Protein chains: 2
Amino acid sequence: MTRNRAGTIEPETCCASVLAAPLSEGQSEDLARVFAALGDPVRLRLLSLVADAGEVCSCDLLEPLGKAQPTVSHHTKTLAEAGLIVGEKRGRWVWWSIVAGRLDEMRAALAVAEVPT
Amino acid sequence: MTRNRAGTIEPETCCASVLAAPLSEGQSEDLARVFAALGDPVRLRLLSLVADAGEVCSCDLLEPLGKAQPTVSHHTKTLAEAGLIVGEKRGRWVWWSIVAGRLDEMRAALAVAEVPT
DNA sequence: CGAATCTATCGACGGTTGTCAATCTATATC
DNA sequence: GATATAGATTGACAACCGTCGATAGATTCG
């Protein structure tokens, strides 16, 4: 598996499916890392807030999530490392937005009866 | 959120999307439970084996997964409680199969640009 | 019944994770 | 430069999780 400079995970197999039999250990580890990032209720709410607003700065996430600042920072980092969001620093603020393509990849991984290319 | 007697998760909102802004705490917890079940490489490989074979008995999972019997039993239980697989006992064996609808629900939850009803 | 086999449960161990107070870095403002 | 603010990092703690040996339950076969 490869890893880009931002440290996000980039499986060589962009479309490995859970339904494609025996998933290799490498593929399963890459997919599991991203699903694990989705496996926390606070991170899912964070993701929904970012998706809804299009762009959100971290400071606007504290109150709706009801978590302390280091906790929110920890979650944004986890989601960013999973490639699900990206942050852009502007002045003192970091603006987060969804990586739609990454969500599509995960959807594809869950696809039943995927037509192999 | 509701929960049936088998202990499997049953969100009242079958199609709650991560993109539908602020996901309620209940919705996010239900979704997170299922994504967390998917967030382990051994369980993803297990899922792929079941999906590929259509039906697999637990005894045939030990060797390909390279895990001890209690560990495999633990993982099948986790996936079953998440509603991703179902087991049918026949004689001494338990035959596991995929719940395709559950995978579709999770794909829908990750859908970008979902059209709200 | 007794032996063998498949699965689930229990208990324990080590590693990981979510959380927050305290602290540090970077940026902006006076 | 001094002060204030947004965010990241560190360290600590409790809770959770993956793993497996031992054991128990269920079913089949002799």
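These legends describe close-up views of a predicted model. Local features are given where pLDDT is at least 70 and side-chain atom pairs where it is 80 or more, whereas totals for chains, interfaces and linings use all residues. Side-chain values rest on heavy atoms, without hydrogens and water, residues are numbered from 1 along each chain as its sequence is written, and chains are lettered from A in the order in which they are written.

**View 1. The aromatic pair between chains A and B**. Over all chains, the structure holds one aromatic pair, a term for rings of Phe, Tyr and Trp (its six-membered ring) with centres within 6.5 Å. The ring centres of A:Phe35 and B:Phe35 are 6.2 Å apart with planes at 15°, so the pair is stacked (planes under 30 degrees apart; over 60 is edge-to-face and the rest tilted). The pair crosses from helix α1 (residues 25-38) of chain A to helix α1 (residues 25-38) of chain B, helices being DSSP runs of H or I with at least four residues, and strands runs of E with at least two. A:Phe35 has 0% relative accessibility and so counts as buried, as does B:Phe35 at 0% (buried is under 20% relative accessible area, exposed over 50%, partly exposed in between, with a 1.4 Å probe and protein chains only).

**View 2. The protein surface near DNA strand D**. Among the 23 residues around this strand, A:Cys59, A:Gln69, A:Ser73, B:Arg43 and B:His75 come nearest, where a residue is near if one of its heavy atoms lies within 4 Å. Sugar and phosphate make up 70% of the atoms of DNA strand D that come within 4 Å of the protein. A polar side-chain atom of B:Arg43 lies 2.7 Å from a phosphate oxygen of DNA strand D, and one of A:Ser73 lies 2.8 Å from a phosphate oxygen of that strand. At least two residues of this surface come from each of α4 (69-81) and β5 (93-98) of chain A and α2 (41-53) and α4 (69-81) of chain B.

**View 3. The protein surface near DNA strand C**. Of the 23 residues around DNA strand C, those that come nearest are A:Arg43, A:Thr71, A:His75, B:Cys59 and B:Gln69. Polar side-chain atoms of A:His75 and A:Arg43 lie 2.4 Å and 2.8 Å, respectively, from a phosphate oxygen of DNA strand C, while for B:Ser58 a backbone N or O atom lies 3.3 Å from a phosphate oxygen of the strand.

Conventions: Polar contact = N/O pair within 3.5 Å; in protein donor to acceptor, adjacent residues only side chain to side chain. Nonpolar A, V, L, I, M, F, W, Y, C, P; charged D, E, K, R; others polar.
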